[in-house]
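Work through the exercises below with the model open. Try each task before you read its solution.

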Amino acid sequence: MKKNSFKAWLYLLPAIIFLGVFMLYPLIDVFVYSFEEGYNSASQTYFGTGTYNYEYVLHDPYFMQALRNTFILVIITVPLSTGFALLISLALNSIKKLRMAFQTIYFLPYVTNTLAVGLVFMILFKKTAYSDGLVNILINMFGGESVDFIDGPYWAKMFVLCFYTIWIVLPFKVLILTSALASVSDTYYKAARIDGTSRWRMFTKITLPMISPMIFYLVITGFIGAFKAYSDSVALFGTDLNAAGMNTIVGYIYDMLYGDSGGYPSYASAAAIILFVIVLTITVINLMISKKKVHY
Amino acid sequence: MKVRKHILTVLIYILLSVWAIMVIFPFYWMLLTSVKSYGSYNSEYVPEFFTLAPTFENFAEAFTAVNLAQYFLNTFIFTVITTAVMLIVIVPAAFAFSRLDFRGKNIVFTLFLALMMIPNELVIITNFQTITDMGLRNTFSGLILPSVTSVFYIYLLKENFEQIPDELYKAAKVDGTSDMKYLLKVMIPICKPTIITIVILKVIECWNSYVWPRLITDDEAYFLVSNGIQEIRENGFGRENIPAMMAAVVVISLPLIVLFIIFRKKIMEGVSRGGTKG
């Protein structure tokens, strides 16, 4: 037994070392950082401990802007992408021909490099000296005015960001929901059909309850993912997100850590912990709601 | 009644087709733009939807004017080493949790699972400092080390290992097979599908990783494709050469799309079991 025990720890050793150095230690350290005031990364000294870093971050207009952008992004993209994914999955589930082809196509954005394809979206929406861009030309065709979606008004930029985010997250949601829908046993529908139940009633009384655990799973992971939005925004608006006014909380953390305005790990830590608290709160609320609503 | 059903079917196909076009169009557009010449692209106020005179000069430009080949090679090295080291770390760990008995197993496993809930953003700050202090900025070690463990994959593999019947292990023990040999000759071959899934998911993750490489490298010689494309966007090709930029995007996107076409079933199955994005 003792010999076996030693061997087991040996097998676990690499994983424990890596997790210890790059997960556990940083986790403790980030709290320490966030309370060390005036930390200097070059000399590794600090003046004192306290909550100044949090106060600084919460009074920083750039952070408030990042917070606002992130919340808008979350509130728009999570319900829209989940709802739309449900609609597409239901449609996919009701057809036989071409189903596999559609599923394959819909999955494509998952395997693409967010930064690279973001550039394509940028040129589709961007207004340049040479051309108004394809999207603006379409808008003009329907009698609208051209808008610069990349360097223009705030709502236009937010629209592109939300659109691109939904485009990126949809494959995962469609995949999960189609397999959830396919796993609902046919016997329920057969029984309902014999009873002459209407389509809508079948959907609300059989389909929705049966797939509700998966919907809630998607809502929870969707919230977490959207709160961590960053690379989509970089892909569309470039690395200087503060100047573009499109920064996100995660972007703020990285800017504080590194880059032109960087070198402040304490502020970055405080912002990271604020983000963590927000995400944790939302997740707990989600779980509480799902306990009441979800049928297992 | 019959007519209504037909109308519904038609509407469903229209909806599905519209979204399919929305998904494919950006890919089509990048391919199309990448084969238009610089002159013709910039002279089209209303962009043409196809071109009769495709050119490959943009691809030549993408490989000569910027270090695309270098970014590509870096990403390849990074992906291969990270995935290989990850397997060396996670396979023994999953084996220990699933097959060996030792004191404190449950506590350690629970601790591992708890770590799964820690967001990357929380630990990246200290990791940045650690790597900087170790003098590993702008090195492959600095890029690779923090991303070689994944608790989730250990968990996935452990679940799979546990499905292998105990009798096999006992029989092997009677025959005097060592644990290591049993792991390599019996468990890994049986669980190959799961291991392949994990490898594919990790490769996708590596190929697309952006945040950590951006923090840890500012020397172009160590840029990965994501950072490279950002660099190209901000400083490359002089005057906004969008066709050349799109050629670079095509080159960067291609490996994963090819991988997806080959392993379509495996990837979709793997992602629905263990992927998260968005």
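**Exercise 1. Which residues does Ala271(A) touch, leaving out residues up to four places away in sequence?**

Step 1. Apply the contact rule: C-beta atoms, placed from the backbone, lie within 7 Å.
Step 2. List the partners. Ala271(A) touches Val57(A), Phe63(A), Ile249(A), Tyr252(A), Ile253(A) and Met256(A).
Step 3. Place Ala271(A) in the largest nonpolar core, which has 159 residues. Such a core is a set of buried Ala, Val, Leu, Ile, Met, Phe, Trp, Tyr and Cys residues joined through C-beta atoms within 7 Å. Buried means 20 or more other C-beta atoms within 10 Å of a residue's own; 12 or fewer means exposed, and anything in between partly exposed.
Step 4. Find the members that touch the most others. Among them are Ala271(A), Ile253(A), Ile90(B) and Leu157(B). Helix α7 (residues 154-182) of chain A gives the most to this core, with 15 residues.

This is a predicted model: local features need pLDDT of at least 70, side-chain atom pairs count only at pLDDT 80 or more, and totals for chains, interfaces and linings use all residues. Residues are numbered from 1 along each chain as its sequence is written, while chains are lettered from A and ligands numbered from 1 in the order in which they are written.

**Exercise 2. At what angle do the axes of α9(A) and α13(A) cross?**

Step 1. Locate the helices, which are DSSP runs (H or I, at least four residues) numbered from the N terminus. They span residues 199-227 and 265-293 of chain A.
Step 2. Read the geometry. The axes come within 10 Å and cross at roughly 170°. Axes are lines fitted to C-alpha atoms over the stretch in contact, and angles run from 0 to 180 degrees between N-to-C directions.
Step 3. Classify. α9(A) is therefore roughly antiparallel to α13(A), a label for angles over 145 degrees.
Step 4. Sort the contact residues: 10 are nonpolar, four polar and one charged. Ala, Val, Leu, Ile, Met, Phe, Trp, Tyr, Cys and Pro count as nonpolar, Asp, Glu, Lys and Arg as charged, and the others, Gly among them, as polar.

**Exercise 3. How many residues of chain B are in contact with chain A?**

Step 1. Count both sides. 71 residues of chain B contact 76 residues of chain A.
Step 2. Find the main contributor. α1(B) gives the most to chain B's side, with 11 residues.
Step 3. Split that side by class: 49 nonpolar, 13 polar and nine charged residues.

Key
Contact = placed C-beta atoms within 7 Å. Helix = DSSP H or I, 4+ residues; strand = E, 2+ residues; numbered from the N terminus. Parallel < 35°, antiparallel > 145°, perpendicular 65-115°, else oblique.
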